[in-house]
Amino acid sequence: MNIKPKYFLYARKSTEDDDRQVMSIEAQLFELREFARRENFEILEEFQEAKSAKTPGREIFGEMMAKVEKSDGVGILAWHPDRLARNSIDGGRIIYAVDTHKILSLRFSTFWFEPTPQGLFMLQVAFGQSKYYSDNLAENIKRGIRQKLRRKEWLGLAPFGYQNNPLKRNIEPHSTEARIVKFAFEEYAKGGHSFVSLAQFLADLGVVSKNRTPLAKVSIKRLLTNKAYLGFLKHKGEWFDGNFEPIISPALFEAVEKILKTKERPRRRAKHDFPFTGLFRCAECGSMISAQWAVNRWGTKYRYYRCSKKRGRCSQPYIQEAELARKIKSRLQTISLCDEMTNWMLNEMKKWEREETSASQSEFQNLSENIKTAEAKMEKLVSAYLDGDIPKATYLKKKDEVLLVSAVLEQKKKDFENGRKNWVEPLREWILDTKQADFLSKSENYHEIKTFVQKIGTNPRVRNKSAVFDFCPASQFAAKRQTILRSAAASRPRGATLSNREVSIGGDILHFARTFFACPTEALKRRRERNGN
Ligand SMILES: [Zn+2]
């Protein structure tokens, strides 16, 4: 019993170790060897482990304890009890070994322990505290993260371009790396780079992977999309506002984003480039119109469109693309108005808008003042009743009156706010569409024409080699007046100011459109009345 035991030396630090105070394994070993030398302990074996002690099942610890349990009694040397055990099973195993004299001595460089009943109690407390600490750890980490998020500080290791500043507990741009990041963004924004060529560009600046090869494509993409460079911080897939300095301006980031997007969606090219597919249905049977290549008898390739006949028999003929395009354009022609007209309309609209704004402002002010008056009245009434100046019955009657007035006013104000200018944006868009129709009816850009028809045309279909689609009532109204408008414009040179006759017809169209967008049912009713049916 009084033979001096030989010692096992145990050092542990896990990578996920939350406690910054814990020394590295090397430092622990150094200190423990020093301690052993000072105390004249003989070291039998050293154990080191890079695992967490929060859950049982550490391999090296198990190996050491197996040796302890087979021995005639040894000592264990560790930096602190919590290096040995941070869960009740491992802690119990050590205490049992002490009880059964397998562990003759436990020494810690930062914790005083003697194998007395008091010592054992202290040890249990130490393990107990460790367990308590371990239980609370998860919660503490969460709390820490929340606090960091609240303080808008970066969590964890700084991304490339930044460096951790332990004093600020945050990250800051790295003097050279940040410049390289900016350089990379600027270079990529020029548009001439692929991920591979940008990786090479960075490699030339000394930015390489661990294997000293240029960065992988995925790393380049991560770099170019990392919002940390905008000063944001990420937690669990979400971005938060950070309070560290951004490296990239939003404009540059967006420019790069735009290029990334165009590269991500490689457009299907030439081979199957049928601009008008997916747009029309067959007017006869309702099947989609599909496209095909054909070669004519002179060997020229051309594209044509035909009913896909997915719904059985159909007698519709095919139509060549050029002809279909011509038909679509002439349909667009029917609703288009010349630039002089649409510009005049936009100008008129601006005038209306100004008038409406000033009118509505005064009306709004009026309403607000009336509401205030009603409120003051109510207040007076209440205080008069409370002072005993008016009887309860009078008060109740008056109160109901005032409340009713207020309610009506409030409702008016609400309606007013909701209804204000709701026609402005739709009308402006309609005028611009009408302008666009004029432009596209002379264009050869089939893709643009298709997109436009998808936007403004309803129920597009093909019947007897002709493109048919319907327009909104405002455009229908314009289409009906086109003949007289054309004849009125015939004598006017293009670009000259509108004649009085044109202004009168144009004003008619514009008024209808405004009424339609402000209140569709009202406009249609009025038109029916005018047409006399
Ligand atoms: Zn068909």
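**Exercise 1. Find where serine 175 sits in the chain, and decide whether it is buried or exposed.**

Solution. Start with the elements on either side: serine 175 belongs to the loop between S6 and helix H6 (177-189). Next, count neighbours. Serine 175 has 8 other C-beta atoms within 10 Å, and a residue is called exposed at 12 or fewer, so serine 175 is exposed. Finally, look back along the chain: glutamine 163 lies twelve residues away in sequence, and its C-alpha atom is separated from that of serine 175 by 9.0 Å.

Keep in mind throughout that this is a predicted model.

**Exercise 2. Work out how far the prediction can be trusted, for the chain and for its elements.**

Solution. Begin with the whole chain: the mean pLDDT is 84, and 90% of the residues reach 70 or more. Then go element by element. Helix H2 (residues 59-70) has the highest mean, 95, while helix H5 (residues 117-150) has the lowest, 65. Where pLDDT is low, the predicted coordinates should not be read in detail. For context, the chain holds 18 helices and 14 strands, and 24% of its 533 residues are buried.

**Exercise 3. Describe the pairing of S5 and S6 and pick out the residue with a positive phi in the turn.**

Solution. First, the strands: S5 (residues 162-165) and S6 (residues 170-173) pair in the antiparallel sense over four bridges. Asparagine 164 in this pairing faces isoleucine 171 of S6. Second, the turn: four residues lie between the two strands of this hairpin, and arginine 169 among the turn residues has a positive phi of about 55 degrees. Most residues other than glycine have a negative phi, which makes this angle worth a second look. Third, the surroundings: arginine 169 counts as exposed because it has 11 C-beta neighbours inside 10 Å.

Now try the same reasoning on histidine 101. This residue is not a glycine, yet its phi is positive, at about 60 degrees. Histidine 101 is in the loop between helix H4 (88-99) and S4, and with 11 other C-beta atoms within 10 Å it is exposed.

**Exercise 4. Give the strand order of the open four-stranded sheet with parallel pairing, and explain which strands stand at its edges.**

Solution. The order is S2-S1-S3-S4, and the pairing is parallel. Read the ends of that order: strand S2 (42-49) and strand S4 (103-108) each have a single partner strand, so one side of each lacks a neighbour in the sheet. On average, neighbouring strands here are turned by 20 degrees against each other, direction ignored. For one pair in detail, take strand S3 (residues 74-78) and S4, which are joined in parallel by five bridges; leucine 77 is opposite arginine 107 in S4. To finish, add the helix: H1 (residues 25-39) lies across strand S1 (6-12), S2 and S3, and runs at about 155 degrees to S1.

**Exercise 5. Show which side of helix H14 is buried, and find what covers the buried residues.**

Solution. List the buried residues of H14 (residues 446-456): Tyr446, Ile449, Lys450, Phe452, Val453 and Ile456. They span an arc of only 165 degrees around the axis, which means that they lie on the same side of H14. On the other side, His447, Gln454 and Lys455 are exposed. The cover over the buried residues includes helix H10 (321-333), helix H13 (424-440), strand S13 (458-463) and strand S14 (466-470).

Two of these covering elements are partners: S13 and S14 pair antiparallel over four bridges, with valine 462 matched to alanine 467 in S14. In their hairpin, which has two residues between the strands, asparagine 464 takes a positive phi near 45 degrees. S13 also runs parallel to strand S9 (residues 281-282), with two bridges joining them; there, cysteine 282 stands opposite valine 462.

**Exercise 6. Name the residues that touch the most other members of the largest nonpolar core, and the element that gives the most to it.**

Solution. The core has 45 residues, and those touching the most other members are Leu324, Ile328, Ile449, Ala474, Ile509, Phe512 and Ala513. Elements supplying at least two residues each include H10, H13, H14 and helix H17 (500-518). H17 gives the most, with seven residues. To check one member, take alanine 474: leaving aside neighbours within four places in sequence, its contacts are Trp430, Phe512, Ala513 and Phe516.

Terms used: Residues numbered from 1 in each chain as written. Predicted model: local features only at pLDDT ≥ 70, side-chain atom pairs only at ≥ 80, totals over all residues. Buried ≥ 20, exposed ≤ 12 C-beta atoms within 10 Å, placed from the backbone. Arc of directions from axis to C-beta. Contact = placed C-beta atoms within 7 Å. Core = buried A, V, L, I, M, F, W, Y, C linked by C-beta atoms within 7 Å. Pairing = 2+ DSSP bridges. pLDDT = per-residue confidence, 0-100. Axes fitted to C-alpha atoms, helices over the stretch in contact; angles between N-to-C directions.
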